[in-house]
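Visitor: I am new to this structure and should be grateful for a guided introduction. May we look at it together?

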Amino acid sequence: MVLVWERPARGARGPAPERSREQLTEAAIGLADAGGLAAVSVRQVARELGTGPASLYRYVAGRDDLVDLMVDAATGEVDLDVALTGDPMTDLVALAARTQRVQLRHPWLLEVAPEALRAGPRALDYLEFALRALEPVAGLTGPAKLEAVGVLNALVAMLSGAELRARRSPTGRQAAQAAYLDTAARRGAHPLLARALTTGAANGPTGGALPGAAGHAAGSGAHFERVVRRVLAGLLAPDPQG
C-alpha cells in the first residue's frame with residue numbers, strides 16, 4: 001500500500017487538474033468542523049466543491065487519504081516557530097498548550113482513531129520539534145523520548161476532550177451522576193474519596209478522576225498546566241532500569 005504522501009498530487013492520466021489536494025483538504029476540514037468527522041466523505045467533499053465524486057479519485061484514493069490530509073493540515077496549525085528556551089519542561093508544556101488550542105478549534109481531531117504511525121509531513125515536523133525540546137534531557141534513549149511525546153499527546157487529547165465536554169450544558173444524567181457521587185461520598189463508606197472530593201472542591205476541578213467522568217473545565221487553564229507538568233515530571237525522569 002502506498003500512502004498519500006508518497007503518491008503524486010494527482011493521477012497522471014486525465015485532463016488538467018481542476019482542484020488541488022489543498023482544496024479537498026480545506027473542504028473536508030470545513031465539513032468536519034461543522035458536523036464532526038462522520039460528515040466527511042469523498043461524496044460530501046465533491047458536493048462542497050461542486051464536482052462529481054469520481055473526479056476526486058484523481059487526487060485521493062478514498063476517505064482514509066482525506067482524513068490523513070486533514071489531520072496533517074490541522075497539525076500544521078500548531079506553531080513550531082516558537083524559540084525553544086532550553087528547559088524541556090517549559091517548552092513541552094507550551095507545546096502541549098498550543099496543541100490543545102488546535103484540538104479545541106477542530107474537535108473532530110479527537111474522533112480520529114489513534115494510529116501509532118500516522119505521521120504526515122507536518123506531523124514529522126511536530127515530532128522533530130518535540131525531540132529538539134527534549135535534547136537537554138540526560139538519561140533518556142531515543143525510544144523513551146518518542147514514548148514521552150506519545151504519552152504527552154494522549155494526555156493533551158484527553159484533557160481537550162474533558163474541556164469540550166465541560167463546555168456543554170450538563171445533561172440530566174450527568175446531574176444525577178454528580179448527585180449520586182456526592183451522596184455516596186457522604187455516607188461514610190468511602191472516607192478517602194470524600195476527603196479527596198472535599199480537597200478538590202477547594203483547590204480545583206476533580207472531574208476525570210473517575211472512569212468516564214466529564215470533569216469541570218478539567219482541560220483548561222491552570223489545571224491543564226498543572227496536570228501536564230506532573231505527568232512530564234515522571235516522563236522526563238531518568239529510567240531506573242537504564
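Visitor: What percentage of the 242 residues in the chain do buried residues make up?
Guide: The model shown here is predicted. A residue counts as buried when its relative accessible area is under 20%. Of the 242 residues in the chain, the buried share is 35%.

Visitor: How many helices and how many strands does the secondary structure of the chain come to?
Guide: Read from the N terminus on, the elements run α-α-α-α-α-α-α-α-α-α. The secondary structure therefore comes to 10 helices and 0 strands.

Visitor: Among contacts between residues at least 6 apart in sequence, what percentage join residues at least 24 apart?
Guide: Contact here means heavy atoms within 4.5 Å. When the contacts between residues at least 6 apart in sequence are considered, the portion joining residues at least 24 apart is 72%.

Visitor: What share of the area that the chain exposes do carbon and sulfur atoms supply?
Guide: The chain exposes about 14100 Å². Of that area, carbon and sulfur atoms supply 57%.

Visitor: Which residues make the nonpolar surface patch of about 380 Å²?
Guide: One of them, L3, lies in the segment before helix 1, which covers 21-35. Because its relative accessibility is 42%, L3 counts as partly exposed. The patch is made by M1, L3 and W5.

Visitor: Is E26 buried or exposed, and how far apart in space are E26 and A74, C-alpha to C-alpha?
Guide: E26 is found in helix 1. Its relative accessibility is 61%, so E26 counts as exposed. Along the sequence, E26 and A74 are 48 residues apart. In space, their C-alpha atoms are separated by 10.0 Å.

Visitor: With which residue does the side chain of T51 share a polar contact of 2.8 Å?
Guide: T51 sits in the loop between helix 2 (42-49) and helix 3 (53-56), and it counts as partly exposed because its relative accessibility is 22%. Leaving aside neighbours within four places in sequence, T51 is in contact with R19, A46 and L56. R19 is 32 residues from T51 along the chain, with 9.7 Å between their C-alpha atoms. The polar contact of 2.8 Å joins the side chain of T51 to that of S55.

Visitor: How many of the 18 residues of helix 5 are buried?
Guide: At 1.5 Å a residue, helix 5 (residues 88-105) should span 26 Å, and its end C-alpha atoms are 26 Å apart, which agrees. Helix 5 is largely enclosed by the rest of the structure, because the number of its 18 residues that are buried is 13.

Visitor: Which residues does K145 touch, not counting those up to four places away in sequence?
Guide: K145 belongs to helix 7. With a relative accessibility of 10%, K145 counts as buried. The residues that K145 touches are L131, L134, E135, V137 and L140.

Visitor: With which residue does the side chain of E163 make a polar contact?
Guide: E163 is placed in helix 7, residues 142-166. Its relative accessibility is 9%, so E163 counts as buried. At 3.0 Å, the side chain of E163 makes a polar contact with the side chain of R167.

How values were computed: Residues numbered from 1 in each chain as written. Predicted model: local features only at pLDDT ≥ 70, side-chain atom pairs only at ≥ 80, totals over all residues. Heavy atoms only, no water. Patch = residues over 30% accessible without salt bridge, like charges linked within 9 Å, V, L, I, M, F, W, Y side chains within 5 Å. Areas by Shrake-Rupley, 256 points an atom, 1.4 Å probe, with all protein chains shown as cover. Salt bridge = Lys/Arg side-chain N within 4 Å of Asp/Glu carboxyl O. Helix = DSSP H or I, 4+ residues; strand = E, 2+ residues; numbered from the N terminus. Buried < 20%, exposed > 50% of the residue type's maximum accessible area, 1.4 Å probe, protein only. Polar contact = N/O pair within 3.5 Å; in protein donor to acceptor, adjacent residues only side chain to side chain. Expected span 1.5 Å × (residues − 1).
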